[in-house]
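Student: I am new to this protein. Can you walk me through how to read it?
Tutor: Gladly. Let us take one feature at a time.

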Amino acid sequence: MSPQKRVKNVKAQNRISQGSNSFQTTLSAWKVKQGPSNSKNISKHGQNNPVGDYEHADDQAEDALQMAVEYFEKGPVKTSQNKDKTLEKHLKTVENVAWKNGLASEEIDVLLNIALSGKFGNAVNTRILKCMIPATVISQDSVVKAVSWLCVDKCSGSTKVLFYRWLVAMFDFIDCKEQINLLYGFFFASLQDDALCPYVCHLLYLLTKKENVKPFRVRKLLDLQAKMGMQPHLQALLSLYKFFAPALISVSLPVRKKIYFKNSENLWKMALLAVKQRNRGPSPEPLKLMLGPANVRPLKRKWNSLSVIPVLNSSSYTKECGKKEMSLSDCLNRSGSFPLEQLKSFPQLLQNIHCLELPSQMGSVLNNSLLLHYINCVRDEPVLLRFYYWLSQTLQEECIWYKVNNYEHGKEFTNFLDTIIRAECFLQEGFYSCEAFLYKSLPLWDGLCCRSQFLQLVSWIPFSSFSEVKPLLFDHLAQLFFTSTIYFKCSVLQSLKELLQNWLLWLSMDIDMKPVTNSPLETTLGGSMNSVSKLIHYVGWLSTTAMRLESNSTFLLHFILDFYEKVCDIYINYNLPLVVLFPPGIFYSALLSLDTSILNQLCFIMHRYRKNLTAAKKNELVQKTKSEFNFSSKTYQEFNHYLTSMVGCLWTSKPFGKGIYIDPEILEKTGVTEYKNSLNVIHHPSFLSYAVSFLLQESPEERTVNVSSIQGKKWSWYLDYLFSQGLQGLKLFIRSSVHHSSIPRAEGINYNNQY
């Protein structure tokens, strides 16, 4: 019998919690209620029906389970496990059913009370707790009753630890949390127990709301930290408290997001995966569940990305509102809730945004754009923390290169990453859980598996101090960058360009706003600009080295200049006080390129640099005050140096003067007689074909052409011809940076006090 069927019909049986003695009678009555159609089907197919045999075996297992539960409820106290074969038989029955199909909420209710009441020995209680695997959900009333047993101290310390681990692991499967949150004070008092403290901190981290943060609790946490040292679980709870009440906590805490807690799901990992699959619908084949550490993985497991992301289910509304046993207060509390399953349109979201209750399994919001809208607007910190925790654990457990390059389920994991990336693009912000995942998994990544998805995750890293991110991410990425193909290098540069764009958008929009979560944002605008500047210089270093490794590849240079197209417009487009020029190795490679599109792109970038620097200079003159964001004269000098080199090459035919200096003896050895004219807009290798085409249009009957004849009026006509060929970058550069007179010269930017 499937767990859904057992849950659905459990009300037809006598409730075990009431201690009914008529189990066999009730079971017979339940079978009669199946109707005559079932009897006909059984008699018709008989033993030749494998489905019927399977259901019959399930019915037998269900009977055995009910007998086992009844035995435990009424069983002898302090029974020795080794001497009682009946006890062992019933324990095996509960374990087998729980690991195969899970337990109904009523069965969990009874068995939790038995495990924590101390009726049986510690070994029996441990085995019972380890098989507390829900078929669908767990009732919060069961948890409240179980916690009440902790008050009378009937169970051992190891049983308490296991119970808290179970409670954290099953947190998302509890139908609602209102009554559990009322026990916050009891859980907080349990922090004094050193063995329980890590797991209680984890539970409190999931439960904490703003109203739970009190001065006396802050003082207690600080006392514990002074006594135990900087423990990660205490730092986690203090960080959350500091977010809700920053005035109460003056001590400095780590600002980087990290994994504060050990994974409590290890014992139940495979079982919980089956619960998620079961909540989606019936599985095509029986799932073999395993009880053990998380790193044990069946070789032929059916990996399904949809099963990792829970199905949307507002269980606290749909499963509870129809119960006759519901109290009046529960009905009133839930009367205003809007079922998430009925949320179909954006107008519905706006009308019911005040009465939405997010699902207990936060991962389900990934596949629902309306709920992504909701969490983006409401910005509830506990909701985000629950979501980040779920995502951290799921990524760590399912990463195929983190699991020693097991590529068997690569496509499914790729789909899962695509879902995360779509959510990040939708919200226009990265998840801190993904950032932590990148830091942990990059040293094991080979640069091939899920390359596109991995690099997209890199582009959504939340803004943070570059000095902190560099040793964790960029140093490892550089090793792969230099040892991989040119196509990988181009992909990395594209990803870093998108990362820069996301950082710039974040800073330009939110620099004056208080961040929603504790973010590693620099405390000053100057610090933020310093991080962005370091990222740009890092990409410049990568690019210069890559050009040497790839023999000045034109293909690679396109991606590098695409990055600097974003860099050159930071001041105007993003209203941020930053201008960073490209390194000489990139500038001169582009200036001397044989590809016309490269040179045209360089001209456009130089034009935009000029616009940004001119705007910055005018702004400084208007303000007439010294500021930490005034650009140094070195920036203007460097730009003017580049500008002189370009004009000397393309316009004045003085390529090796002030800009690029090459010893005349070396130039003579090249054998080029007219080397001074060899790089202007006529003779430059990238423009030579245009010059020939222009002359052939003028005199199509000529068999030979002399490009040196382009002088005087022909020079102006030739420029118009170049502009008509789509070289808009060249057009903008010449019109903005070249002084049109009898003696062409570059129009640089005055970096002195007078403009």
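Tutor: Start with a term. A residue is buried when its relative accessible area is under 20%, exposed when over 50%, and partly exposed in between. Keep in mind that this is a predicted model.

Student: How many residues does the protein have, and what share of them is buried?
Tutor: The protein has 755 residues, and 52% of them are buried. About 35400 Å² of surface is exposed. Carbon and sulfur atoms supply 54% of that area.

Student: How many helices and strands are there?
Tutor: Count 36 helices and two strands.

Student: What share of the contacts joins residues 24 or more positions apart?
Tutor: Take the contacts with a separation of 6 or more. Residues 24 or more positions apart account for 75% of them.

Student: How do I read one face of a helix?
Tutor: The general idea comes first. An α-helix has 3.6 residues a turn, so residues three or four places apart point the same way. Now turn to helix α34, residues 688–698. Y690, A691, F694 and L695 are buried there. Seen down the axis, the buried residues of α34 fall within an arc of 135°, so they line one face of the helix.

Student: Next, aromatic rings. How is a pair described?
Tutor: By two values: the distance of the centres and the angle of the planes. This structure holds 34 aromatic pairs. One of them is Y164 with F187, an edge-to-face pair. Their centres are 6.1 Å apart, with 75° between the planes.

Student: Where in the chain do Y164 and F187 lie?
Tutor: Y164 belongs to helix α9, residues 157–169. F187 belongs to helix α11, residues 184–189. The two are 23 residues apart, so the pair links distant parts of the chain. Both Y164 and F187 are buried.

Student: What kind of pair do F587 and Y588 form?
Tutor: An edge-to-face pair. The centres are 4.8 Å apart and the planes meet at 75°. F587 and Y588 are both buried.

Student: Which residues form one aromatic cluster?
Tutor: F387, Y388, W390, F413, F416, F431 and Y432.

Student: Which lysines lie over a ring?
Tutor: K177 lies over the face of F171, 4.8 Å from the ring centre. K489 has its charged end over the ring of F481, 5.9 Å from the centre.

Student: Now the cysteines. What is a disulfide?
Tutor: It is a covalent bond between the sulfur atoms of two cysteines. The cut-off used here is 2.5 Å between the sulfurs.

Student: How many disulfides does that rule give?
Tutor: Zero. Look at C449. Its closest cysteine sulfur is in C450, 3.6 Å away, which is too far for a bond. C449 is buried, at 8% relative accessible area. C450 is buried too, also at 8%. C568 is buried at 1%.

Student: What does a positive phi tell me?
Tutor: Most residues other than glycine have a negative phi. A positive value therefore deserves a look. C450 has a phi near 55°, and it is not a glycine. C450 lies in the loop between α23 and α24. Q428 also has a positive phi, about 55°, without being a glycine. Q428 is in the loop between α22 (410–427) and α23 (432–441).

Student: Is H373 buried or partly exposed?
Tutor: H373 counts as partly exposed because its relative accessibility is 28%. It lies in helix α20, residues 369–378.

Student: Which residues does H373 touch beyond its sequence neighbours?
Tutor: Set aside the neighbours within four places. H373 is then in contact with F346, L349 and F426. Check L427 as well. H373 and L427 are 54 residues apart along the chain, with C-alpha atoms separated by 7.7 Å.

Student: Where do K470 and K611 lie?
Tutor: K470 lies in helix α25, residues 466–483. It is partly exposed, at 31%. Its C-alpha is 9.3 Å from that of Y538, 68 residues apart along the chain. K611 lies in helix α31, residues 596–623. K611 is partly exposed, at 42%. K611 and Y571 are 40 residues apart in sequence, and 9.4 Å apart from C-alpha to C-alpha.

Notes. Residues are numbered from 1 along each chain as its sequence is written. This is a predicted model: local features need pLDDT of at least 70, side-chain atom pairs count only at pLDDT 80 or more; totals for chains, interfaces and linings use all residues. Side-chain values use heavy atoms; hydrogens and water are left out. Helices (H or I, at least four residues) and strands (E, at least two) are DSSP runs, numbered from the N terminus. Buried means under 20% relative accessible area, exposed over 50%, partly exposed in between (1.4 Å probe, protein chains only). The arc is that of the directions from the helix axis to the C-beta atoms. Rings of Phe, Tyr and Trp (its six-membered ring) pair if their centres lie within 6.5 Å; planes under 30 degrees apart count as stacked, over 60 as edge-to-face and the rest as tilted. A charge sits over a ring if NZ of Lys or CZ of Arg is within 6 Å of the ring centre and within 35 degrees of the ring normal. Contact means heavy atoms within 4.5 Å. Accessible areas come from the Shrake-Rupley method with a 1.4 Å probe; for residues, only the protein chains shown count as cover.
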